[in-house]
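Could you walk me through how to read a few features of a protein model? Let's take the sheet, the core and the salt bridges in turn.

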Amino acid sequence: MAARLPRPCRHFAVSSACMALSMFVAGPAAHAQNQPAPQNISVELNKLEDNGAGCRAYIVANNPTATTYSVLKLDLVLFRPDSVINRRIALDLGPLPASRKYVKSFDLEDLRCDGIGSVLVNGVLDCKADGKAVQDCLDRITVSSRAAAQLSK
């Protein structure tokens, strides 16, 4: 089956210029259709809520991939509004099922929400899928925030 030439080429004898134009127009689109769209785990700081003398943080984690992560432990650094480090914590988001979004909350004792200016995903402490360590987990994560405090990596 012959490839259909772009409309301007149908009025002329088939030439190498028209064939080149046809390959130029169809090539990138055909190539893009064969490539799977990159998918990342998204981690969103959704809400900070005062909870007694502390602060409750809500994280929305979305794993659109086909991989189930049995362990996903993040190293977080919390900064005060003046950008001075307040504390460092480990946050365990696992297990993170494949093709699933969920909410995880955690309490920060003796820290008011207005004392959190930003949160940094400093690294990944542990990441496992299919019983094996995954080396590039930080690269597989995108971050965002809906809270007043920003989340970055």
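Q: Before the sheet as a whole, how many bridges join strand E2 to E5?
A: Strands are DSSP runs of E, at least two residues long and numbered from the N terminus, and two of them pair if DSSP finds at least two bridges between them. Here nine bridges join E2 (residues 54-63) to E5, and the two run antiparallel. Asparagine 63 has arginine 100 in E5 as its bridge partner. This is a predicted model, where local features need pLDDT of at least 70 and side-chain atom pairs pLDDT 80 or more, while totals for chains, interfaces and linings use all residues. Residues are numbered from 1 along each chain as its sequence is written, and side-chain values use heavy atoms, without hydrogens or water.

Q: In what order do the strands of the open sheet lie?
A: The order is E5-E2-E1-E8, with mixed pairing. E5 (100-108) and E8 (141-145) are at the edges with a single partner strand each, so one side of each lacks a neighbour in the sheet.

Q: Which salt bridge involves aspartate 75?
A: A salt bridge puts a side-chain nitrogen of Lys or Arg within 4 Å of a carboxyl oxygen of Asp or Glu. The structure holds eight. Aspartate 75 meets arginine 88 at 2.6 Å, N to O; aspartate 75 lies in strand E3 and arginine 88 in strand E4, 13 residues apart.

Q: Is aspartate 75 buried or exposed?
A: Buried means under 20% relative accessible area, exposed over 50%, and partly exposed in between (1.4 Å probe, protein chains only). Aspartate 75 is buried at 6%, whereas arginine 88 is exposed at 57%.

Note on methods. Helices (H or I, at least four residues) and strands (E, at least two) are DSSP runs, numbered from the N terminus.
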